[in-house]
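Please open the model in your viewer and keep the sequence panel beside it. The tour below goes from one selection to the next and says what is to be found at each stop.

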Amino acid sequence: MPGINLENLIETVGYIGLFIIVFAETGLLIGFFLPGDTLLVTAGLVASEGTFELWILIPVLLAAAILGDATGYAIGRSAGPRLFTRDDSRFFKRTHLQRAETFYEKHGGKTIVLARFLPIVRTFAPTVAGAAKMPYPKFAFYNVFGAGLWVFSTVLLGYFVGESVPNPDLVFPALVGVILILSIAPAAIHLLRERARNRAASEG
């Protein structure tokens, strides 16, 4: 979200706004562009400044992440294969869904946990799991475990940076940059490998 100050946005929208943003990114197919990782780390930083209470913030974000994935699963379960023939629109790209499907085929149920840390895949993975008819108890386990790992690690990272670094505002942009690189890198590496594999197949 270029040009938007996340700290100001988070302080403005409050707990309810954060719930809606995280829910939309993890559960609605139109939420793939939302800044999940950086949003949660920044929320932790804002909490360290006293704007939020951690004991409220973390449960709110956990509930949003769990309910979001459960909603995505329900969408995939009900729509099934029809999703993969849906026309592209401004807020829906079939290639994103196909990328998540490829990731799911490779990693199975673990995709629901791993995808929490991967932009775009995070949004579409639960929908793919629903379309693939993953048993719901199995999905629910991965959903809750992945949500906990994602929320606790990102929020507490931001919180402890705010608490332990003398001038967090000076180092925080660099931290956010590193998080963005780390979150984009796996998808970029996967894309490059796919292109190399397709090129080798066409040449062979």
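Begin by selecting helix α1, residues 6-27, in this predicted model, and colour its buried residues, which are Leu6, Glu7, Ile10, Gly14, Gly17, Leu18, Ile21, Val22, Ala24, Glu25, Thr26 and Gly27. Then place a distance marker between the C-alpha atoms at the two ends of α1: although the helix has 22 residues, these atoms are only 21 Å apart, short of the 32 Å that a straight helix would reach at 1.5 Å a residue. Where does α1 bend? Centre the view on glycine 14, where the helix turns by about 110 degrees.

Next, select valine 46, which lies in helix α2, residues 36-48. Is this side chain buried or exposed? Valine 46 has a relative accessible area of 0%, and because buried means under 20%, it counts as buried. Show its surroundings, leaving aside neighbours within four places in sequence, and you will find valine 46 in contact with Glu7, Ile10, Glu11, Thr51 and Phe52; of these, Glu7 and Ile10 are among the buried residues of α1 that you have already coloured. Add glycine 158 to the selection as well, since valine 46 and glycine 158 are 112 residues apart in sequence but 8.0 Å apart in space, C-alpha to C-alpha.

Move on to threonine 111, which is found in helix α5, residues 111-114, and which is buried, with a relative accessibility of 0%. Not counting residues up to four places away in sequence, threonine 111 touches Phe103, Tyr104 and Ala125.

For a stop on the surface, select Phe141, Phe145 and Leu149, which together make a nonpolar patch of about 330 Å². Leucine 149 has its place in helix α7, residues 136-164, and its relative accessible area of 40% makes this residue partly exposed. While the patch is in view, it may help to recall that an α-helix has 3.6 residues a turn, so residues three or four places apart point the same way.

Finally, zoom out to the whole protein chain, whose secondary structure comes to eight helices and zero strands. Buried residues make up 45% of its 204 residues, while the accessible surface comes to about 10400 Å², of which 66% belongs to carbon and sulfur atoms. Among contacts between residues at least 6 apart in sequence, 78% join residues at least 24 apart.

How values were computed. Residues numbered from 1 in each chain as written. Predicted model: local features only at pLDDT ≥ 70, side-chain atom pairs only at ≥ 80, totals over all residues. Heavy atoms only, no water. Helix = DSSP H or I, 4+ residues; strand = E, 2+ residues; numbered from the N terminus. Expected span 1.5 Å × (residues − 1). Bend = angle between axes of the 7 residues up to and from the residue. Buried < 20%, exposed > 50% of the residue type's maximum accessible area, 1.4 Å probe, protein only. Patch = residues over 30% accessible without salt bridge, like charges linked within 9 Å, V, L, I, M, F, W, Y side chains within 5 Å. Areas by Shrake-Rupley, 256 points an atom, 1.4 Å probe, with all protein chains shown as cover. Salt bridge = Lys/Arg side-chain N within 4 Å of Asp/Glu carboxyl O. Contact = heavy atoms within 4.5 Å.
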